[in-house]
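This report looks at how the strands of a protein are arranged and at what its cysteines do. Please keep the sequence and the structure in view while reading.

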Amino acid sequence: MTARVGVVTFPGSLDDRDAARAIRLAGGEPVRLWHADSDLAGVDAVVLPGGFSYGDYLRAGAISRFAPMMASITDAANGGMPVLGICNGFQILCESHLLAGAMVKNEHLHFVCKDQTLRVENADTAWTHQFGAGEEIVVPLKNQDGQFIADERTLDELEGEGRVVFRYVADSSDGGTRGRNPRAGGNPNGSRRDIAGITNARGNVVGLMPHPEHATEQGFGPGTDGLRFFSSAIAATLATA
Amino acid sequence: MATVIVEVMPKPEILDPQGKAVAGALPRLGFTSFASVRQGKRFELEVEGEVTEEVLEQARTAAAEVLSNPVIEDVVSVHVQESA
């Protein structure tokens with residue numbers, strides 16, 4: 001038996017195929033889901049992929065939030081189903097109020113595309129339990145609206161409850177980014193407190209701006225650190241099945 | 001025909017990168033009188049028929065729940081513009 005992991009395609013999704021491929025490489029069975037349907041097809045977990053759903057019109061993720069599929073996912077997420085939002089998927093989760101905060105344009109206004117080092121701050125979520133706490137991983141980052149924002153009280157709450165899952169950290173490849181954004185070491189977009197990804201109180205919903213699905217096969221991308229996102233969720237769903 | 005105008009601005013405490021970029025460009029073009037710029041959004045919601053209090057209330061709700069994200073933006077105005 002293996003886990004069935006849904007990948008939702010919205011109009012303007014770009015990385016849905018890569019996410020499906022990552023799930024297969026991690027040992028799961030990807031199930032393609034369409035934004036306009038509301039049937040979750042009995043999946044055990046869901047990935048909201050990257051891209052520019054609805055052209056990022058209004059705000060990134062703002063219109064996708066009202067897709068029929070999102071109503072089903074919100075219900076399932078509140079019931080404990082693992083949900084991972086990557087990049088645009090993270091923005092959709094924030095707009096859906098499944099995760100705190102919001103994303104605005106990168107501080108320097110440039111599109112960023114680089115291999116990014118992250119520190120795993122919370123290795124207890126459905127999507128990160130196969131990492132070690134404090135482990136540093138490298139996955140690609142590519143976005144325009146990647147600056148994570150929340151008010152100070154929300155940020156304190158996220159930190160206090162261990163809900164910051166990933167933080168941007170500096171590495172030797174950071175020369176270019178530093179030049180554009182001198183006040184933050186490894187922070188590529190001005191995100192508050194270097195936050196790259198967060199979770200909900202229960203730890204089943206995780207969102208991050210960088211792209212683990214692009215780091216799942218040797219020779220394509222910076223390595224295979226991304227695989228453990230998907231294998232974590234697969235193991236988590238099988239453990240509770 | 002009337003139009004309900006909804007104006008949304010980034011919250012004052014949130015850095016507005018677009019406004020900052022515009023502010024940087026203005027002096028380069030010789031417009032030197034402006035200390036800073038903030039960029040927001042204006043929505044024009046066209047109404048067939050009369051703008052009743054109920055219609056306005058719908059516009060206010062849409063402004064709060066869809067047209068703005070309260071984490072990063074404020075609705076600064078919802079008002080009616082009668083067309084000629």
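## Cysteines

A disulfide is a pair of cysteine sulfur atoms within 2.5 Å. This is a predicted model, and a search of the whole structure, over all chains, finds zero disulfides.

Why does A:C94 form no such bond? The closest cysteine sulfur to that of A:C94 belongs to A:C87 and is 12 Å away, which is too far for a bond. A:C113 is likewise in no disulfide, since its nearest cysteine sulfur, again that of A:C87, lies 11 Å away. As for their surroundings, A:C94 counts as buried because its relative accessibility is 5%, whereas A:C113 is exposed, with a relative accessible area of 62%.

## The sheet

Strands of a sheet pair through backbone hydrogen bonds, in either a parallel or an antiparallel way. In chain A, nine strands form an open sheet with mixed pairing, and their order is β2-β1-β3-β4-β11-β10-β9-β6-β7. The edge strands of chain A are β2 (29-34) and β7 (136-143), each of which pairs on one side only. On average, neighbouring strands of this sheet are turned by 25° against each other, with direction ignored.

Within chain A, strand β4 (residues 83-86) pairs with strand β11 (residues 205-208) in the parallel sense, and four bridges join the two. One residue to look for is A:I86, whose bridge partner in β11(A) is A:L208.

## A helix across the strands

Which strands does helix α2 of chain A lie across? Helix α2 (residues 68-78) lies across β1 (4-9), β2, β3 (45-48), β4 and β11 of chain A, and it runs at about 130° to β3(A).

Note on methods
Residues numbered from 1 in each chain as written. Chains lettered and ligands numbered in written order. Predicted model: local features only at pLDDT ≥ 70, side-chain atom pairs only at ≥ 80, totals over all residues. Heavy atoms only, no water. Pairing = 2+ DSSP bridges. Axes fitted to C-alpha atoms, helices over the stretch in contact; angles between N-to-C directions. Contact = heavy atoms within 4.5 Å. Buried < 20%, exposed > 50% of the residue type's maximum accessible area, 1.4 Å probe, protein only.
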